[in-house]
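This report is for a reader who meets the structure for the first time. Please look over the sequence and the model below before reading on.

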Amino acid sequence: MNSSLNTAEMRLHVAFAKIGFTQDEQRAAESLARQVTDWDSFVATAMRNFSLPNMRMHLGRMNPDCVPQKVHDELKTAANASAIRNMLLVSAQHQFKEKCLDPLGAEALFFKGISLVSQYYPDLGLRPCRDIDVLVRPETLRPIVLAAIESGYQFVVPGQAEHPLTEPSEIDAALHYRNDASLLTPEGMAIDLQVKLDKYSGIFAREDVFAQAIPAVLGGKEFMTMPPAFLFNYLCHHHARHVWSRLHWLSDIDALVNSPDFDVDEAVALADKLNQRGTVEASLEMQRLMSPEQSWDDAPELWRGFKFLELSLRNLSGDLDLEKRIGFNMKGGEFMFDWQADASLIRRARLRHSLQVWQPTIRQYTRFPLPRGLRWLYVFPRFIHLMERTRDRGGKKAD
């Protein structure tokens, strides 16, 4: 581990991502806390990485001399705001299911976010959530979006929420160019509808997760979700694709590993079937490294876990732009390292990614609407945009 990353502050950030400590781990964390010299910076980093509620929980169980009282006061306000937002998301999930899914009889799996918290975290307020993720079958995406618009939801393009799509031609183009749909509830909560779980590799394409769905209860109402082994495999893939750039993604892995419903052998066996054993085993290794008792100096058997952990630590002080720069050389848009997945899977991702990036985007349409017969012209401004993006990212990487 690079010495600039192996500091008391870094160790404590990662430790606070855990959902619980043993007595020995708590003593080790207290020792690290006493070495923190700039709590204002520490809290700001935790806020940026969505780990304040967990941090508040752990600090509240430590000896009072570990942290200044003003830190507790700041954390209380931020953690309470996170818990309130999560309660609003619970209500939003109920209403979306009742208004937009149930009348259509549409199959839907709720996963990540508030659904994940309700199943695997000890408290609903411990993990900040930004939106509601829903997997639907491809043939039902359009009917669901239209039903949502009819019910007062806004259909938006990511990054352009201030300009909801209302014209039939805009809606048609968005559903044609994207494999997902972003909605805003009347109260402003975000809902992300997806029809596939990977970008390019097709890693989950052979699995009918709807046939494996299990029921869960959120706020007294039942919804369908992924079984633990499948969810764990998905989270490992998704969070690794985003280079572990937020600490609450480490918390997700820790929460599942410590759940009584989780079977590590079943998860690894599924990873073998999906040809991503390296990704899952590295995630399990990283979960071990989250313990404040685990040495970061001499653990060669956890080298793949260190690779993932270093990605997360490099992102601690960053933002979305930094995440994109770190992932600039990602293989096929999904894999940072060759050992993560079967070589054929990575080759497929590379091929599909190289073809997909040339496809027009809905942002092009909303800025310069063209009739269906002329949309092939979008390839030219798309080419210019890709060349500019490659030049800009290459320059930032060199810096």
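Are helix 5 and helix 7 roughly parallel or roughly perpendicular to each other? The model is a predicted one, and the answer comes from its helix axes. Two packed helices are described by the angle between their axes and the distance between the axes. Helix 5 and helix 7, the latter covering residues 141-150, pack at an angle of about 105 degrees, and their axes are 9 Å apart. Angles of 65 to 115 degrees count as roughly perpendicular, and helix 5 and helix 7 are therefore roughly perpendicular to each other. On the side of helix 5, the contact is made by F96, C100 and L101; on the side of helix 7, I144, A147 and A148 take part. By class, this contact of helix 5 with helix 7 has 6 nonpolar residues, with no polar and no charged ones.

Helix 5 spans residues 69-101 and also holds H94. H94 has a relative accessibility of 15% and so counts as buried, since buried means under 20%. Leaving aside residues up to four places away in sequence, H94 touches L218, G219 and K221.

**Two residues in a loop**

Helix 9 (228-241) and helix 10 (247-257) are joined by a loop in which V243 is placed. W244 lies in this loop between helix 9 and helix 10 as well. Phi of V243 is near 45 degrees, a positive value in a residue other than glycine. For W244, also a residue other than glycine, phi is positive too, near 50 degrees. V243 counts as buried because its relative accessibility is 1%, and W244 is buried with a relative accessible area of 0%.

The table sets out the accessibility of four residues, among them D321 of helix 14 (residues 320-326).

| Residue | Relative accessible area | Class |
|---|---|---|
| H94 | 15% | buried |
| V243 | 1% | buried |
| W244 | 0% | buried |
| D321 | 31% | partly exposed |

D321 is partly exposed at 31% because partly exposed covers values between the limits for buried, under 20%, and exposed, over 50%. D321 and R288 are 33 residues apart along the chain, and their C-alpha atoms are separated by 29 Å.

**Cavity and pocket**

How many cavities of 30 Å³ or more does a search of the whole structure find? The search finds 1. The largest cavity has a volume of about 40 Å³. It is lined by F155, V156, V157, P158, A174, R178, D180, A181 and S182. Strand 3 (154-156) and strand 4 (180-184) are the elements that give two or more residues to this lining. Strand 4 gives the most, with 3 residues. Sorted by class, the lining of the largest cavity has 6 nonpolar, 1 polar and 2 charged residues.

Which residues lie nearest the centre of the second largest pocket? They are V195, K196, F204, A205 and E207, out of 17 residues that line the pocket. The volume of the second largest pocket is about 280 Å³. Its lining divides into 10 nonpolar, 1 polar and 6 charged residues.

Technical notes:
Residues are numbered from 1 along each chain as its sequence is written. This is a predicted model: local features need pLDDT of at least 70, side-chain atom pairs count only at pLDDT 80 or more; totals for chains, interfaces and linings use all residues. Side-chain values use heavy atoms; hydrogens and water are left out. Buried means under 20% relative accessible area, exposed over 50%, partly exposed in between (1.4 Å probe, protein chains only). Contact means heavy atoms within 4.5 Å. On a 1 Å grid over the protein atoms alone, a cavity is a set of points where a 1.4 Å probe fits but cannot get out, and a pocket is an open set with protein on both sides within 12 Å along at least five of seven lines; lining residues have an atom within 4 Å of a point. Grid points are joined across faces, edges and corners, and a volume is the space filled by probe spheres set on the points. Ala, Val, Leu, Ile, Met, Phe, Trp, Tyr, Cys and Pro count as nonpolar, Asp, Glu, Lys and Arg as charged, and the others, Gly among them, as polar. Axes are lines fitted to C-alpha atoms, for helices over the stretch in contact, and angles run from 0 to 180 degrees between N-to-C directions. Angles under 35 degrees count as roughly parallel, over 145 as roughly antiparallel, 65 to 115 as roughly perpendicular and the rest as oblique.
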